[in-house]
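Reader: I would like a close look at a single part of this model. Please take me through the empty space inside, and then set it in its surroundings.

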Amino acid sequence: MTTYNNLLVAGSSVTAGTSDKITAVTNPQVWPHFLLSALGSNIFCNLAMPAGGNISIAKNLIYTLETKPEYTANDTLIIFNIAPLDRFDVMCAVDNPNANQHFSWAKDFGFNWITSGSFTAKTPPFNGILEKNMGYDAIVNFNALELIGLITYLEDRGYHFHFILDNCSILTDAPTYLTDFLQAKKRHWVNFDNHLALREYCQSHNSMIDNEHPTVAGHQLVSQQLEQHLYQEIQ
Amino acid sequence: MTSKTLRLITTGCSFTAGASGTDATNNPQTWSHFYLKVLQPNLFVNLAMPGAGNFAMSKNLTYFLETKQDYTPDNTQIIFNITGFDRVDTMCSVDHPNANQWFAWAQDVEHNWISERFVNDGAPFNGLLQKHMGFDQIKRLGALSVIDAIMYLEQREFDYYFMFMDNEAHADSPEFLIKFLENRSDRWIQFDHQIGMHDYCKEFGMLINDNFHPDLQGYEMIANFVNQHIKEKL
């Protein structure tokens, strides 16, 4: 398999976990940790956050690539999960009391995120006012445009990247222009055997801890699917 | 690209906002109307709106090009202005009571925008977004939105150009954005020794009474710079 010096991942809770390489390899908890062991990359960066949506996924990745020139297109593999389209993330100061407590890169980047987690969440500080005023369709549209912006950015800069879906309802919720766009990017889209998304794949293997998150064994299966995809790609 | 099939899309803030349609040359109100006279495209779309920030500029452009596939790199030229980095745009439904009233494409693109500035504390958010985002984050997101738009246009190989509303927007730009734009100097329209449209027009006394927006003579001069830059690049 082609080796990449840098492994950069982003996404929501199904990808979130430590960026500490030693911990990730010795005590793997999520699929990026298993993949890191398989690839043997020297640099590992996990930008994912629990409750993160596509806005923070896209902006964190682009910000990293614009400000950290060591992540070159030749030597970096990027994999991200597409999150549910009903989430709205607001960039905020590092010390905002409502900022996501699990974004370990906040200090390094100089910003954090207020993550809604879902359209129906009415958590502080906005208490649903953004969802009320934007409306579901605008939030889905905004998410769709963020994903298109991210994928075209990665393509334009010549990065080797792949994306996976958190769950299949993302496709049901997506506007037609996004599904058309993703269909045209099939070579970057990793499926899991006959399942389009990570959740449904892990459910079919009875590898879920709750309705949304895989067990550690499930994460290992996800990593194996990714490894297989990467291997087939170079054949 | 021939003028017979050429389409022109412009977008940005109030410095670019004005009517769409090639007949805008009959009563030119902004630089793009004067530029139409030179370019003579057969279709002209102006997505700009007064009060818009760089979020809305970027998203409107991407949405338009993704959903109207007959606007192709072979037949479309795109010019946009980068606006103030203190602006926050929130996408909303077309009929939202606080939506931007001047976004003529709202029905067509099925969304509108609540356009605010950092100092704004009006309805519906009453300053909540600004308070929780903070100026630095608003600037950073605006910069990333400009990068989104440009990378999208480059990846699809559109013929595009950009310029700054004023020197202050340039001064407010984060360093990573300036580096990014400097690598695209052939796409960056400037005005003699001034970076922004406002500052060029101000220097030559070509502003209207608000002392901010160009007058018609100013817009005509801006159109001349646009035309000259594009001709030189070609």
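Author: Start with the lining of the largest cavity. In this predicted model, 19 residues line that cavity. Nearest its centre lie A:Phe88, A:Phe142, B:Phe55, B:Asp89 and B:Leu141. Both chains therefore appear among these five names.

Several elements give two or more residues to this lining. From chain A they are helix H3 (54–67), strand S4 (89–92) and helix H6 (136–156). From chain B they are helix H2 (54–67), strand S4 (87–92), helix H4 (128–133) and helix H5 (135–155). S4(B) supplies the largest share, with 4 residues. By type, the lining holds 12 nonpolar, 2 polar and 5 charged residues. B:Asp89, one of the residues nearest the centre, counts as charged. The space enclosed comes to about 190 Å³.

How many cavities of 30 Å³ or more does a search of the whole structure find? The search finds 4. A general point helps here. Rolling a probe the size of a water molecule over the atoms shows where empty space is left.

Now the second largest cavity. Its volume is about 90 Å³. It is lined by 13 residues. Closest to its centre are A:Ile114, A:Ser116, A:Thr123, A:Phe126 and A:Glu131. Two elements of chain A, strand S5 (112–115) and helix H5 (129–134), each supply at least two lining residues. The lining divides into 7 nonpolar, 5 polar and 1 charged.

Next, a helix of chain B. Which residues of helix H7 (residues 175–182) are buried? They are B:Phe176, B:Leu177, B:Ile178, B:Phe180 and B:Leu181. Buried here means under 20% relative accessible area. The cover over these residues includes H3 of chain A. From chain B, it includes strand S3 (76–82), H5, strand S6 (159–164) and helix H6 (167–172). Two of these covering elements, H3 of chain A and H5 of chain B, also give residues to the lining of the largest cavity.

Turn to one residue of chain A. A:Asn5 sits in the segment before strand S1 (6–10). Is A:Asn5 buried, exposed or partly exposed? It counts as partly exposed, because its relative accessibility is 26%. Leaving out residues up to four places away in sequence, A:Asn5 touches A:Ser41, A:Asn42, A:Ile43 and A:Asp75. A:Asp75 is 70 residues away from A:Asn5 in sequence, yet the two C-alpha atoms are 5.5 Å apart.

Now the chains as wholes. Chain A has 10 helices and 6 strands. Its C-alpha trace spans about 50 × 35 × 35 Å along the principal axes. The radius of gyration is 17 Å, which agrees with the value near 18 Å for a compact globule of 235 residues. Of its residues, 61% count as buried. Among its contacts between residues at least 6 apart in sequence, 73% join residues at least 24 apart. The accessible surface of chain A is about 8900 Å², with 49% belonging to carbon and sulfur atoms.

Chain B has 9 helices and 6 strands. Its radius of gyration is 17 Å, close to the 17 Å from the globule rule for 234 residues, so chain B is as compact as a globular protein of that length. Its C-alpha atoms fill a box of roughly 50 × 40 × 35 Å. Here 63% of the residues count as buried. Of the contacts between residues at least 6 apart in sequence, 72% join residues at least 24 apart. The accessible surface comes to about 9300 Å², and 45% of that belongs to carbon and sulfur atoms.

Note on methods:
Residues are numbered from 1 along each chain as its sequence is written. Chains are lettered from A and ligands numbered from 1 in the order in which they are written. This is a predicted model: local features need pLDDT of at least 70, side-chain atom pairs count only at pLDDT 80 or more; totals for chains, interfaces and linings use all residues. Side-chain values use heavy atoms; hydrogens and water are left out. On a 1 Å grid over the protein atoms alone, a cavity is a set of points where a 1.4 Å probe fits but cannot get out, and a pocket is an open set with protein on both sides within 12 Å along at least five of seven lines; lining residues have an atom within 4 Å of a point. Grid points are joined across faces, edges and corners, and a volume is the space filled by probe spheres set on the points. The radius of gyration is taken over C-alpha atoms; the globule rule is 2.2 Å times the number of residues to the power 0.38. Buried means under 20% relative accessible area, exposed over 50%, partly exposed in between (1.4 Å probe, protein chains only). Contact means heavy atoms within 4.5 Å. Accessible areas come from the Shrake-Rupley method with a 1.4 Å probe; for residues, only the protein chains shown count as cover.
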